[in-house]
Amino acid sequence: MNYWLMKSEPDTFGIDDLFNRPDQTEHWDGVRNYQARNMMRDDMKIGDQVFFYHSNCDEPGIVGIMQVVRESYPDFTAFDPDDKHFDPKSNPDKPSWYMVDVKFVRKLSRNISLRELKLKPELADLALLRRGNRLSIMPVNAEQWAFILGLENA
DNA sequence: GCCAACGTTGGC
DNA sequence: GCCAACGTTGGC
């Protein structure tokens, strides 16, 4: 099983929005970066666990856990001229962009903030903390996953 | 293929 | 609002 971290701005789509979705499930559309797309398309498998990260907000950090419940399929929002993430170069015959479905697992008992994560030498290699990394989807290894969960009740 | 200009992300 | 760090675009 693989572990991931996915970013979203809570003003647009936060952990509570996922919680309130029918079946507590949503497609993760709008990813328009090739590296992130490749991870979703090729590597994200059903059952993979994902940290939900709130970005661009008062206290950026990890707020919950979700899991992959559907593997990659074309991101149809790329075909819709009225959609914010419309991409004229993508079409149903040859889609450029893919997405997965994720399901709410649980909220963390507290927000494990970016500020806190940065203080931990154990997380020096976490992709989220690497200089200049703006990817919206990043891998987390098993050790990092366990360490971060260990912070929850610390 | 190079690279300058531009747009976006996202922490602060 | 600022700005660093990219990724993308397009002229050449």
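A polar contact is a pair of N or O atoms within 3.5 Å, where, inside the protein, one atom must be able to donate a hydrogen and the other to accept it. The exercises below apply this cut-off and others to a predicted model.

**Exercise 1. Find the residue that caps the N-terminal end of helix 5, and describe the buried side of that helix.**

Step 1. The cap is Asn141, whose side-chain oxygen lies 3.0 Å from the backbone nitrogen of Glu143, a distance that falls inside the limit of 3.5 Å for a polar contact.

Step 2. Helix 5 spans residues 142–151, and its buried residues are Gln144, Trp145, Ile148 and Leu151. These residues lie on the same side of helix 5, because they cover an arc of only 120° around the axis.

Step 3. The partners of this buried side are strand 1, strand 3 (49–54), strand 4, strand 5, helix 4 (114–118) and strand 6, against which the buried residues of helix 5 pack.

**Exercise 2. Work out which residues of helix 3 are buried and which exposed residues its opposite face carries.**

Step 1. Within helix 3, residues 34–43, the buried positions are Ala36, Arg37, Met39 and Met40. Their directions span an arc of only 160° around the axis, so they sit on the same side of helix 3.

Step 2. Turned away from that buried side is a face carrying Tyr34 and Gln35, both of which are exposed.

Step 3. The buried residues of helix 3 pack against strand 1 (3–8), strand 4 (61–74), strand 5 (98–113) and strand 6 (137–140).

Step 4. The N-terminal end of helix 3 is capped by Asn33, with a side-chain oxygen 3.0 Å from the backbone nitrogen of Gln35.

**Exercise 3. Classify Pro139 as buried, partly exposed or exposed, and list its contacts from elsewhere in the sequence.**

Step 1. Pro139 belongs to strand 6. Its relative accessibility is 42%, and because the partly exposed class lies between 20% and 50%, Pro139 counts as partly exposed.

Step 2. Leaving out residues up to four places away in sequence, Pro139 touches Tyr3, Trp4, Met39 and Ala127; of these, Met39 is also one of the buried residues of helix 3.

Step 3. Although Pro139 and Met6 are separated by 133 residues in sequence, their C-alpha atoms are 8.9 Å apart in space.

**Exercise 4. Describe the protein surface around DNA strand B and then around DNA strand C, and identify polar contacts to each strand.**

Step 1. DNA strand B is surrounded by Lys7, Tyr53, Ser55, Asn56, Pro60, Leu114, Lys118 and Arg134. Of the atoms of DNA strand B that come within 4 Å of the protein, sugar and phosphate account for 73%, while the surrounding residues divide into 3 nonpolar, 2 polar and 3 charged.

Step 2. Phosphate oxygens of DNA strand B lie 2.9 Å from a side-chain N or O atom of Lys7 and 2.8 Å from a polar backbone atom of Asn56, whereas a base oxygen of this strand is 2.6 Å from a polar side-chain atom of Arg134.

Step 3. Around DNA strand C the residues are Tyr34, Lys89, Arg131, Gly132 and Arg134, which comprise 1 nonpolar, 1 polar and 3 charged residues. Sugar or phosphate contributes 65% of the atoms of DNA strand C within 4 Å of the protein, and bases supply the rest.

Step 4. For DNA strand C, a phosphate oxygen is 3.5 Å from a side-chain N or O atom of Lys89, and a base oxygen is 2.8 Å from a polar side-chain atom of Arg134. Arg134 therefore appears among the residues around DNA strand B and among those around DNA strand C, given the 4 Å criterion for being near a strand.

Key. Residues numbered from 1 in each chain as written. Chains lettered and ligands numbered in written order. Predicted model: local features only at pLDDT ≥ 70, side-chain atom pairs only at ≥ 80, totals over all residues. Heavy atoms only, no water. Nonpolar A, V, L, I, M, F, W, Y, C, P; charged D, E, K, R; others polar. Buried < 20%, exposed > 50% of the residue type's maximum accessible area, 1.4 Å probe, protein only. Helix = DSSP H or I, 4+ residues; strand = E, 2+ residues; numbered from the N terminus. Arc of directions from axis to C-beta. Contact = heavy atoms within 4.5 Å.
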